[in-house]
Amino acid sequence: MELISIAPERKHMLSRLADRLVPAFGQLTVTADEGAEHLPAGIIAANHSSTADPAVVLAALHRLGARPVVLAAAGLWRVPLLGRLLAREGHIPVHRGDPRALRALDLAQEALEEGRHILIYAEGGLPDRKDSAEAAPGAFRRGLARLARRTGAPVIPLGQAGARRIVSGSPLKQLAGLATASVRRPRLHVHVGSPLLLKDDEPAATARARLAVTAAWRTAAAHAAGTTAPPTRRPPAPLPGQMPPGTGDSESIRPTGTGRDSRPSQRDAQAPTAH
């Protein structure tokens, strides 16, 4: 399988759809560590808590000017319409427990070499919980660290919160949540942390990546809960293994150093706050 060359206006349809649809189901805001709102090409590592969070993450990244190639479970390619869209846009199926899983890393490396972003869920699946509460990311698989060390690409930690209030629990509860989300309009928040360079061995690199994503998730969860998130202070010089943020075209997103969220869309500003 190879990445498919697609006309630019058709390549990012999934990201554009997410950015248009997500505000109908919740109030999405986005923050970033100071300077991290300009995403360098690299590996975006996000926590995975709900079948709704990929759309939330894609919508937030679209506002930041990033339209990533997504690594996702191969079973999604069998879903009518969605599977065709994933294949057409060059997203990458992951065949877990199959020799073809290694091919996914090769395709991800090719995308990174083309200067694109890769979105990866290092937990490798959803948490086995029925409630809609937030929880810290689970154990990470080593594929993220393996890809980062192979390519030298920065890892951009991303935390999302609130998606479980759209979809979580049993199939019946998920359908009910999706049907009522447009009325409840729960708070959704995505926070982007400062990029990391993972040069450690795989176990250590995996642990560092999980800590960074967990820190981003804690900030996102605080915003989604309507509490004041602790300010993120940027050190005067990069820490070992940490790189300064890159530059790129993006919309203005407020850094957490201001102590304020990014402004929601006009529709969000007019909608009642859901608790």
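Okay, one term before anything else: when I say nonpolar core, I mean a set of buried Ala, Val, Leu, Ile, Met, Phe, Trp, Tyr and Cys residues joined through side-chain atoms within 4.5 Å. And keep in mind that what you have up there is a predicted model.

So, the overall picture. We've got one protein chain with nine helices and seven strands. It runs to 275 residues, and 49% of them count as buried. Contacts reach a long way along the sequence: if you take those with a separation of 6 or more, 82% come from residues 24 or more positions apart. As for the surface, the chain exposes about 13200 Å², with carbon and sulfur atoms supplying 56% of that.

Now the cores. The largest one has 35 residues, and the members touching the most others are Leu 28, Leu 39, Leu 61, Leu 119 and Leu 158. Plenty of elements give two or more residues to this core, including helix 2 (13-21), strand 1, strand 6 (155-161) and strand 7 (187-192). Which element gives the most? That's helix 3, with six residues. There's another core apart from this one, with 28 residues, among them Leu 71, Ala 111, Ala 122 and Ala 153.

Let's stay with helix 3 for a second. Nine of its 11 residues are buried, so the helix is largely enclosed by the rest of the structure. The buried set isn't just greasy stuff, by the way: alongside Val 56, Val 57 and Leu 58, it includes Asp 53, His 62 and Arg 63. After the helix comes Gly 65, with a positive phi near 85°.

Back to Leu 119, if you want to click on something. Leaving out residues up to four places away in sequence, Leu 119 touches Ile 44, Ala 46, Val 57, Leu 58, Pro 68, Val 69, Val 70 and Leu 71.

A quick polar detail on strand 1, which covers residues 27-32 and has Gln 27 in it. Is Gln 27 buried or exposed? Gln 27 has a relative accessible area of 11%, and the cut-off for buried is under 20%, so Gln 27 is buried. A polar atom of the Gln 27 side chain sits 3.0 Å from the backbone oxygen of Arg 185.

Last thing, the pocket. The largest one has a volume of about 1200 Å³. Its lining has 43 residues, and the closest to the centre are Pro 54, Val 70, Ala 72, Leu 76 and Tyr 121. Among the elements giving two or more residues to that lining are helix 3, strand 3, helix 5 (101-113) and helix 6 (143-151).

Key
Residues numbered from 1 in each chain as written. Predicted model: local features only at pLDDT ≥ 70, side-chain atom pairs only at ≥ 80, totals over all residues. Heavy atoms only, no water. Helix = DSSP H or I, 4+ residues; strand = E, 2+ residues; numbered from the N terminus. Buried < 20%, exposed > 50% of the residue type's maximum accessible area, 1.4 Å probe, protein only. Polar contact = N/O pair within 3.5 Å; in protein donor to acceptor, adjacent residues only side chain to side chain. Contact = heavy atoms within 4.5 Å. Areas by Shrake-Rupley, 256 points an atom, 1.4 Å probe, with all protein chains shown as cover. 1 Å grid on protein atoms, 1.4 Å probe; cavity = no way out; pocket = protein on both sides within 12 Å on 5 of 7 lines; lining within 4 Å. Points joined across faces, edges and corners; volume = space filled by probe spheres on them.
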